[in-house]
Amino acid sequence: MTIAQKKENIKSPCRNICKITADTGLCIGCFRSIQEISVWKDLTEKQRSDILLLIEERRNHAQD
């Protein structure tokens, strides 16, 4: 498996609802920061997985 293929295993969590809120600094659609969004294409599978875990935590916290 090439590096390019490995990066494609975990797809972007983008939901095409792109709006960063001023209070959290996170996108209301995918719960990523601007930094996380901008570097997504260059991240390793591990880094993407780590961000997905953060997203899950953020979503759970937002529902509280």
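Start by colouring the whole protein chain by confidence: its mean pLDDT is 90, and 88% of its residues reach 70 or more. Keep in mind that you're looking at a predicted model.

Now switch to the cartoon view. You'll find 3 helices and 0 strands, so to speak an α-α-α run from the N terminus on. Select helix H1, residues 3-8: among the elements of the chain, H1 has the lowest mean pLDDT, 54, while H2 has the highest, 97. Where pLDDT is low, don't read the predicted coordinates in detail.

Next stop: Pro-13, in the loop between H1 and H2. Is Pro-13 buried or exposed? Its relative accessible area is 14%, and under 20% counts as buried, so Pro-13 is buried. Show what surrounds Pro-13: leaving aside neighbours within four places in sequence, Pro-13 is in contact with Cys-30, Arg-32, Trp-40, Leu-52 and Ile-55. Pick Trp-40 from that list. Trp-40 sits 27 residues from Pro-13 along the chain, and their C-alpha atoms are separated by 9.9 Å.

Then move on to helix H2, residues 34-39, and click Ile-37. Ile-37 has 34% relative accessibility, so this residue counts as partly exposed. Add Ile-20 and Ile-34 to your selection: together with Ile-37 they form a nonpolar patch on the surface, with about 240 Å² of accessible area.

Finally, zoom out and turn on the surface. The protein chain exposes about 4800 Å², and carbon and sulfur atoms supply 56% of that. Buried residues make up 25% of the 64 residues.

Methods: Residues numbered from 1 in each chain as written. Predicted model: local features only at pLDDT ≥ 70, side-chain atom pairs only at ≥ 80, totals over all residues. Heavy atoms only, no water. Patch = residues over 30% accessible without salt bridge, like charges linked within 9 Å, V, L, I, M, F, W, Y side chains within 5 Å. Areas by Shrake-Rupley, 256 points an atom, 1.4 Å probe, with all protein chains shown as cover. Salt bridge = Lys/Arg side-chain N within 4 Å of Asp/Glu carboxyl O. Helix = DSSP H or I, 4+ residues; strand = E, 2+ residues; numbered from the N terminus. Buried < 20%, exposed > 50% of the residue type's maximum accessible area, 1.4 Å probe, protein only. pLDDT = per-residue confidence, 0-100. Contact = heavy atoms within 4.5 Å.
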